[in-house]
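User: I am in my first year and would like a close look at a single part of this structure. Please take one helix and follow it out to what lies around it.

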Amino acid sequence: MALSMEQVAARVQAIRYRNNERDARNLDVLAVRKGKIAEVYPDFFPDGVDANVVANFIDIVARDLSEVMAPLPAVNCSAANQVSDRARTFADKRTRIASNYFSHSDLSVQMYSGADWYITYGFVPFIIELDEEAKLPRIRIENPIGAYPEFDRYGRCVAFAKRYMMTLGELVTQFPEYERELLGGYGYKQDLNHQVELIRYYDKDQSIIYLPSKDNLVLSKAKNPLGKMMVIVARKPSIDGELRGQFDDILGIQLLRNRFALLAMEAAEKSVQAPIVLPQDVQELQLGGDAVIRTSNPAGVRRVELSIPQGAFTESQLLNQELRVGARYPEGRTGNISASVVTGQGVQALMGAFDTQVKSAQAIFAAALRDVIAACFETDEVIYPEEKTIRGVDSGSPYEITYKPTKDIKSDYSADVRYGMLAGLNPAQGLIFMLQALGGKLISRDMAMRELPFTVNVTQELEKIEIEDMRAALLGSLTAYTQAIPQLAASGGDASEVVRKIAAVIKARQKGQALEDAIEETFAPQQQVPPAGAPEAVEQPSPAPEGVPAGGASSPEGMAPPQAAPDIQSIITSLTSGGKGNARVVTRG
């Protein structure tokens, strides 16, 4: 049963109360990433300093990590029966439908922000919305700031609320039917730039937009047609269930780096502006580049030295190291690798923490996107069952398919979403690992292609590979056929027939004809017309060898099986000096 508006408001208020501390941490991290660390720690900065004075390390780490994690996984809808062509075709079409949900939603671009939010705030929500114009589900990644998910004991999101801030003028523009309720008795005379809090609430029964400051005024309310949550949340593992970002605990270290930088700048400034020490006999002091000081003790003219203890520089290095450890960001990502450890094992050790972060995040993204695709499948089948046409690019080749959800999805919402066994590895390491596994026959080519970190239509690619291999074999046979020309010329034979056929194949290829079609047409057997009056040749059956029954139905026990037909290359290269083929029959007892 759907909750009433009073129950929804009370539920949202309770969720927000439980997440007060998380909201404060998120706002602090956001301020630091925006370079406004002085707003978080105003007592540690002198007047006039309101931003970072050193590199914004936290922002750099978040951007670098998110760019590595952001690429989308491969989506494959496997067939239950891999032998059946019909089942594989059904699975391939569902794979393209699922990939179209990603491309239609521009998810590859959204994931850069999504991965950044996941690292910074500890979770990222995926919301499935209805695109009435395209008649397709659309995936939207929501900003976690002001977002409040609620989970059951199995970790599934059962309620979700998102807080937005809009001006009063924007609200009236977007909801003109509520102009009287929004403006009240003051009309347009009041401040239209006044910020108003707006709440959007989701659960399995309904979606509601309301204004808490206007006595929970409901601006929009819609029933959930699926009866399921349309919000899937990917969240970082936590020891206490609290949603924590990766940088919550290192803001103080970033602050101390800023403080040390300010002190170093102050020390340098005081060193330059230190007082000048003069001997007793100096009566006048001139300042400037060409100033002249008259004294009998010139060595006594100097500035007051400001000594800086070496421990301050050591402490600065320790802070940098602590910041890297706390952010789990290896020094090798910035190129700071000592020459003594630039080996495969040394670099791998430096990058180990980085690889594990990428692998764990991509595993969580894969689980969330699997649920997202299932929700999109169900939305497409239940809400938009009409036939539609989609276009895209599969393995570099554009395609266009027409599908009907009730027929081509048919309540099968499963999908295999994988970053593959190469997750967390750099491209060079992943390629070497996969080639070694293939060479050792630990995996099949089909599995290797499904584990690639990009979407591949495995069935179609295997067909293309087989066609390429057969074309290469056919071209190799044709090349072997040309090797008969020098032999014919050396023996005084006529090579014109060989040259003519090779030239015919080349001309056919120049006209755009497929290789197999050109060879088939050129080497087609030509029927010879017998001269007029010549008796027709009657094919006589060759006598069967002793011990072989007539008709050759079977070979008696102890007899050698029939020899396999020679391949085309053996037939073509077996030529006489006149360019005609040799034929012989050998009977073995």
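Analyst: What follows looks at helix 5, then at a residue linked to it, and then at other parts for comparison.

The model is predicted. Helix 5 covers residues 85-104, which makes 20 residues. At 1.5 Å a residue these should span 28 Å, and the end C-alpha atoms are 28 Å apart, so the helix agrees with the expected length. Its buried residues are Ala-87, Ala-91, Asp-92, Arg-94, Thr-95, Arg-96, Ile-97, Ala-98, Asn-100, Tyr-101, Phe-102 and His-104. After helix 5 comes Asp-106, with a positive phi near 55°.

Two of the buried residues, Arg-96 and Asn-100, lead to another part of the chain. Arg-96 and Arg-391 are 295 residues apart along the chain, yet their C-alpha atoms are separated by 9.2 Å. Arg-391 belongs to strand 12, residues 388-394. Leaving aside residues up to four places away in sequence, Arg-391 touches Asn-100 of the helix, along with Tyr-399 and Glu-400. With Glu-400 there is also a polar contact, side chain to side chain, at 3.1 Å. Arg-391 has 57% relative accessibility; exposed means over 50%, so Arg-391 counts as exposed.

Another arginine gives a contrast. Arg-25 sits in helix 2, residues 20-33. Its relative accessibility is 17%, and because buried means under 20%, Arg-25 counts as buried. A polar atom of the Arg-25 side chain lies 3.2 Å from the backbone oxygen of Leu-243. With residues up to four places away again set aside, Arg-25 touches Glu-242, Leu-243, Arg-244 and Asp-248.

Helix 4 can be set beside helix 5. Helix 4 runs over residues 57-69 and has 13 residues. From first C-alpha to last it reaches 18 Å, close to the 18 Å expected at 1.5 Å a residue. Among its buried residues are Phe-57, Ile-58, Val-61, Leu-65 and Met-69, and also Asp-59 and Asp-64.

The last stop is on the surface. Ile-276, Leu-285, Leu-287 and Ile-293 make a nonpolar patch of about 350 Å². Ile-276 is part of strand 10, residues 276-277. With a relative accessible area of 34%, Ile-276 falls between the limits of 20% and 50%, so it is partly exposed.

Definitions and conventions:
Residues numbered from 1 in each chain as written. Predicted model: local features only at pLDDT ≥ 70, side-chain atom pairs only at ≥ 80, totals over all residues. Heavy atoms only, no water. Patch = residues over 30% accessible without salt bridge, like charges linked within 9 Å, V, L, I, M, F, W, Y side chains within 5 Å. Areas by Shrake-Rupley, 256 points an atom, 1.4 Å probe, with all protein chains shown as cover. Salt bridge = Lys/Arg side-chain N within 4 Å of Asp/Glu carboxyl O. Helix = DSSP H or I, 4+ residues; strand = E, 2+ residues; numbered from the N terminus. Buried < 20%, exposed > 50% of the residue type's maximum accessible area, 1.4 Å probe, protein only. Contact = heavy atoms within 4.5 Å. Polar contact = N/O pair within 3.5 Å; in protein donor to acceptor, adjacent residues only side chain to side chain. Expected span 1.5 Å × (residues − 1).
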